[in-house]
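Subject: Structure handover

Hello,

Please find the structure below, with the sequence alongside. My notes come after it.

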Amino acid sequence: MDQENIMNNSDDVHDIENEGLWDGKEIKRYWSEVSDKNITYKEPFLVKRTNTTSQIAIVGANVCPIESLDYDDPQSQIYAEIFWSLKLKVFKGFFMSGVGESLFNFSCHFFIITLTLKWFQCRYYKAFAAYAGCNVVLAAAAAVLCAFIAPAAAGSGIPEVKAYLNGVDAYSMLAPSTLFVKIFGSILGVSAGFVVGKEGPMVHTGACIANLLGQGGSRKYHLTWTWLRYFKNDRDRRDMITCGAAAGVAAAFRAPVGGVLFALEEAASWWRSALLWRTFFTTAVVAMVLRAFIQYCSTGKCGLFGEGGLIMYDVSSATSTYSGPDILAVIFLGIIGGILGSVYNYFVDKVLRTYSIINERGAVSKILLVIAISLLTSCCSFGLPWLVKCISCPTDLTVSCPTVGESGNYKGFQCPTGYYNDLASLFLNTNDDAIRNLFSTSTKNEFHISSLFIFFGAIYCLGIITYGIAIPAGLFIPVILAGASYGRLVGRLFESISTLDMGLYALLGAASFLGGTMRMTVSLCVILLELTNDLLLLPLVMLVLLISKTVADNFNKGVYDQILKIKGLPYLDAHAEPYMRHLVARDVVSGPLITFSGVEKVGNILHALQTTGHNGFPVIDEPPFSDAPELCGVVLRSHLLVLLKGKNFSKDRVVSGDDVFQRFAAFDFAKAGSGKGIKLDDLDIEEEEMEMYVDLHPITNASPYTVVETMSLAKAAILFRQLGLRHMCVRPPIVGILTRHDFMPEHILGLNPQYNE
């Protein structure tokens with residue numbers, strides 16, 4: 001291998017990760033400066049090409065720099081001391097994560113229902129102005145929070161959590177400010193009548209709570225707990241955040257087992273047996289705490305929150321027997337649901353790309369866009385029910401008809417006494433109650449075919465244009481609403497040959513649409529069964545999910561995978577691309593490579609840290625410390641900063657031995673929380689100290705993962721992802737370092753354009 005090919009890439013932006021969100025000009029200026037500074041540091045390592053892959057992505061609604069996480073434990077002398085000094089009280093962390101997510105779920109649901117239902121009482125008397133005005137005020141408040149306090153809170157947050165668990169981090173992705181805005185923004189956004197859900201944001205909220213607990217709190221907001229500071233590395237925090245995401249699903253759908261499977265199937269990129277019981281423990285805590293709140297509220301102490309149980313949409317009372325024509329109807333549901341889901345994803349892609357142009361213009365543009373969508377949604381919700389005729393109330397009801405002053409199946413709207421408006425019963429209800437109305441059993445003729453068609457079209461379109469605006473917005477509820485109305489519509493069309501209940505058709509329609517958009521199978525199946533309490537529907541739900549996913553996969557990817565790509569988050573797939581099999585590791589390494597000796601001069605280290613954004617540096621032992629140059633390991637930038645700040649220097653180039661342990665505490669080299677790490681500006685190196693030496697052996701990861709330069713790039717990519725690596729050394733003895741961005745299609749195809757065809 002020619003020495004001109006010995007290179008490295010600037011894989012991370014550690015020293016500027018806590019500077020906040022940047023605009024496009026600042027990011028371009030930074031990378032221009034870094035590119036100019038990437039000069040040869042130590043001969044004979046020469047620069048032949050540099051990595052031009054962008055290290056920025058859209059997080060929430062803003063563009064910001066990103067960095068990679070290292071899920072591999074560094075095996076250094078210092079790490080051994082840290083490991084044995086920790087007392088991992090994992091139960092406390094996971095228990096608090098479950099309790100915190102349960103409290104948020106209860107509070108969010110309580111305030112949404114309280115705010116929404118109080119305005120329902122005035123909608124019919126103060127007409128459209130009061131209705132739209134209330135919605136616009138709430139929407140604008142949610143937009144202001146997102147635009148000015150935490151742009152990372154916009155959207156569902158599931159793609160960001162999925163990216164984090166894949167090894168991608170960005171400033172404020174899981175910050176306390178994001179948690180704050182996610183909570184209140186979700187309450188305001190859902191209460192404003194948008195076609196969005198709180199379920200997606202709850203996954204992000206669960207991850208934020210877990211991250212806050214995992215790093216021991218936040219000094220900035222004076223929320224610190226010393227007894228929780230046990231997750232001082234990316235690996236343990238990843239496990240904590242995986243449990244937080246599972247807790248979010250368990251709280252949102254009251255589906256503890258579904259939450260575990262969601263984390264396994266969709267969120268986590270890396271799984272192990274210990275993580276299974278930890279997520280199960282966390283979701284079990286969520287279920288128990290929610291059950292306690294539900295029991296408390298059943299006595300009427302929660303006002304408009306009302307009564308309820310862990311089963312949100314009980315359809316177990318319907319007859320679940322089915323025959324040949326029913327199977328044909330289910331197959332039809334799955335095929336059409338897959339097509340509609342793929343079309344939905346296509347338009348979400350186009351809308352997000354359009355909104356990103358608007359969002360780039362600043363906070364005011366974001367708020368104006370939110371207000372415009374709010375007015376459009378209000379016009380549809382209030383105006384479309386006028387297009388349908390009033391229906392006479394059934395005579396065999398056990399509930400009041402029309403419903404007055406609360407949520408229910410029969411909204412009077414503009415109808416006279418004894419009549420109800422079926423379309424208003426869907427539009428002018430909370431999202432949960434609209435789903436409950438569609439899932440209701442033994443209500444064959446409650447909704448006209450024309451009303452179902454109008455509602456489906458409106459929800460389908462509003463769900464597409466609403467996702468991407470600067471408010472916390474989940475996709476689960478819009479998809480379930482559209483799917484349930486579509487399923488009930490198909491049920492009305494097949495009622496002459498089918499015996500399935502209309503509520504079951506609505507459930508199967510929701511399953512088909514979920515499968516067509518999100519491409520999940522096992523977790524969605526269990527979540528839907530836990531939601532509806534009808535295990536007898538298991539074969540039909542499995543069938544419709546498999547069909548819809550298979551059909552939709554022929555057109556595009558799942559919605560969260562598409563959003564990851566749109567936002568520019570460098571997500572590593574579980575499989576390698578076919579063209580990677582024709583390349584080897586040395587074909588994609590990029591430069592410049594900067595190495596350190598086992599005992600290095602302080603000035604050389606400081607210069608390297610100042611002139612590059614590298615986060616990992618190979619350490620090479622040379623004579624007299626070894627017979628020939630050999631790779632000693634990899635040292636991290638964060639550890640170098642700690643070592644330089646401690647000034648454990650010597651005038652002679654000698655190994656310091658165990659002296660380093662007397663100067664540093666075990667936690668000094670542990671992973672710092674967001675905004676707490678040492679930065680270059682914190683160093684105070686004197687001129688005479690620049691010529692002194694420092695021993696890097698105690699902080700060097702002596703067992704880094706390495707591959708030979710001739711290894712297939714496809715095998716290297718799979719190894720990199722499965723082990724959760726940040727740096728992969730290419731030998732012999734050190735040809736370069738492979739990082740996440742070296743496996744990105746943009747980088748590989750840029751170097752090898754022949755595979756673009």
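The notes below cover a pair of helices and then a single arginine.

Please bear in mind that this is a predicted model.

I began with helix α15, residues 476–493. With 18 residues at 1.5 Å each, α15 should span 26 Å, and the C-alpha atoms at its ends are 26 Å apart, so the expected and computed values agree. Of those 18 residues, 17 are buried, which means that α15 is largely enclosed by the rest of the structure.

Part of that surrounding is helix α13, residues 431–439, whose axis comes within 10 Å of that of α15. The two axes cross at roughly 20°. Because angles under 35 degrees count as roughly parallel, α13 is described as roughly parallel to α15. The crossing is left-handed.

On the α13 side, the contact is made by N431, D432, A434, I435, N437, L438 and F439. The α15 side contributes I477, I480, L481, A484, S485 and R488. Sorted by class, the residues of this contact are eight nonpolar, three polar and two charged. As a general point on spacing, an α-helix has 3.6 residues a turn, so residues three or four places apart point the same way.

The other item is R238, which lies in helix α7, residues 234–253. Is R238 buried or exposed? Its relative accessibility is 2%, and since buried means under 20%, R238 counts as buried. Apart from neighbours within four places in sequence, R238 is in contact with Y71, L165 and W270.

Regards

Technical notes. Residues numbered from 1 in each chain as written. Predicted model: local features only at pLDDT ≥ 70, side-chain atom pairs only at ≥ 80, totals over all residues. Heavy atoms only, no water. Helix = DSSP H or I, 4+ residues; strand = E, 2+ residues; numbered from the N terminus. Expected span 1.5 Å × (residues − 1). Buried < 20%, exposed > 50% of the residue type's maximum accessible area, 1.4 Å probe, protein only. Axes fitted to C-alpha atoms, helices over the stretch in contact; angles between N-to-C directions. Parallel < 35°, antiparallel > 145°, perpendicular 65-115°, else oblique. Left-handed = near helix turned anticlockwise from the far one by under 90°. Contact = heavy atoms within 4.5 Å. Nonpolar A, V, L, I, M, F, W, Y, C, P; charged D, E, K, R; others polar.
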